[in-house]
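Here are my comments on the model you sent over. Have it open while you read, as I go through the points by region.

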Amino acid sequence: MNNKHILLASHGTPGACAAEQAALNMCSLNSELHHLFVVPDFWKGMLGDDWLNNAITQINYGKYLAWELEKDIQATVNRVRSKSEELGINYSTTIKMGKPAECLIETAKSANFDLIIIGSPRPKHEDGIKSRMNCEMLVCELSVPLLIVPYFTAKK
């Protein structure tokens, strides 16, 4: 399989890191790796209004959450960019907010990708946020091969 242009959907969790490593392993010199980072839309309304009792505190808390998300996103993007550059891989990134599957499908249609790589959902016995990726929607909508990297490869 000739993987000159790979779309990687990842967000820094252990399962996503397994997908990142698989994508880097499948690229060759001068391949293109496009990294899609989706912030799930449930973060948009996260203000703590169920426990914070005044508007200023809610606004400050919202700003704090946005700042923390931005730090996490930049750390992930910088890590993957650095590894890509070391391997001679052309790296680009897109950050979107929305439903992960819909954002992935939209991005996949925006360019001629050879392969799309994502991590598998987190196993129930592992700590972390449960994936909101609608894999059934991906299988029905994507016209490009999709590789779902098993979560356990992140532990090795």
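The numbered points below cover confidence, the sheet, its strands, the helix packing and one loop residue.

1. First, a word on confidence. This is a predicted model, and its mean pLDDT is 86, with 85% of the residues reaching 70 or more. Broken down by element, β1 comes out with the highest mean pLDDT (97), while helix α2 (residues 55-86) has the lowest (88). As a general caution, predicted coordinates should not be read in detail where pLDDT is low.

2. Now the overall layout. Five strands make up an open sheet with parallel pairing, and the order across it is β3-β2-β1-β4-β5. Which strands stand at the edges? They are β3 (90-98) and β5 (146-149); each has a single partner strand, so one side of each is left without a neighbour in the sheet. On average, and ignoring direction, neighbouring strands here are turned by 20° against each other.

3. Take β1 next, since several of the pairings run through this strand. On one flank, β1 is joined in parallel to β2 (residues 32-40) by 5 bridges. Within that pairing, Ile6 has Leu33 as its bridge partner, and Ala9 has Leu36. Getting from β1 to β2, the chain passes through α1, and this β-α-β crossover is right-handed.

4. The pairing of β1 with β4 (residues 115-119) is also parallel, with 3 bridges. Here Leu7 is bridged to Ile116, and Ile6 stands opposite Leu115. So Ile6 has a partner in β2, Leu33, as well as one in β4, Leu115.

5. Moving outward, β4 pairs with β5, again in the parallel sense, over 4 bridges. If you want a residue pair to look at there, Gly119 of β4 stands opposite Val149 of β5.

6. How many residues of β1 are buried? The count is 5 of 5. His5, Leu7 and Ala9 point one way, Ile6 and Leu8 point the other way, and all are buried. β4 can be described in similar terms: 5 of its 5 residues are buried. In that strand, Leu115, Ile117 and Gly119 point to one side and Ile116 and Ile118 to the other, all of them buried.

7. On the helix side, α1 packs on the sheet and touches β1, β2, β4 and β5. The direction of α1 makes about 150° with that of β4.

8. Finally, please look at Ser10, which sits in the loop between β1 (5-9) and α1 (14-26). Is this loop residue buried or exposed? Its relative accessibility is 2%, and Ser10 therefore counts as buried, the cut-off being under 20%. The Ser10 side chain makes a polar contact of 3.2 Å with the side chain of His35. Leaving aside residues up to four places away in sequence, Ser10 touches Ala16, Glu20, His35, Leu36, Phe37 and Thr76. One of these, Leu36, is also the bridge partner of Ala9.

Notes:
Residues numbered from 1 in each chain as written. Predicted model: local features only at pLDDT ≥ 70, side-chain atom pairs only at ≥ 80, totals over all residues. Heavy atoms only, no water. Helix = DSSP H or I, 4+ residues; strand = E, 2+ residues; numbered from the N terminus. Buried < 20%, exposed > 50% of the residue type's maximum accessible area, 1.4 Å probe, protein only. Polar contact = N/O pair within 3.5 Å; in protein donor to acceptor, adjacent residues only side chain to side chain. Contact = heavy atoms within 4.5 Å. Pairing = 2+ DSSP bridges. Right-handed = clockwise from strand over helix to strand, strands pointing away. Axes fitted to C-alpha atoms, helices over the stretch in contact; angles between N-to-C directions. pLDDT = per-residue confidence, 0-100.
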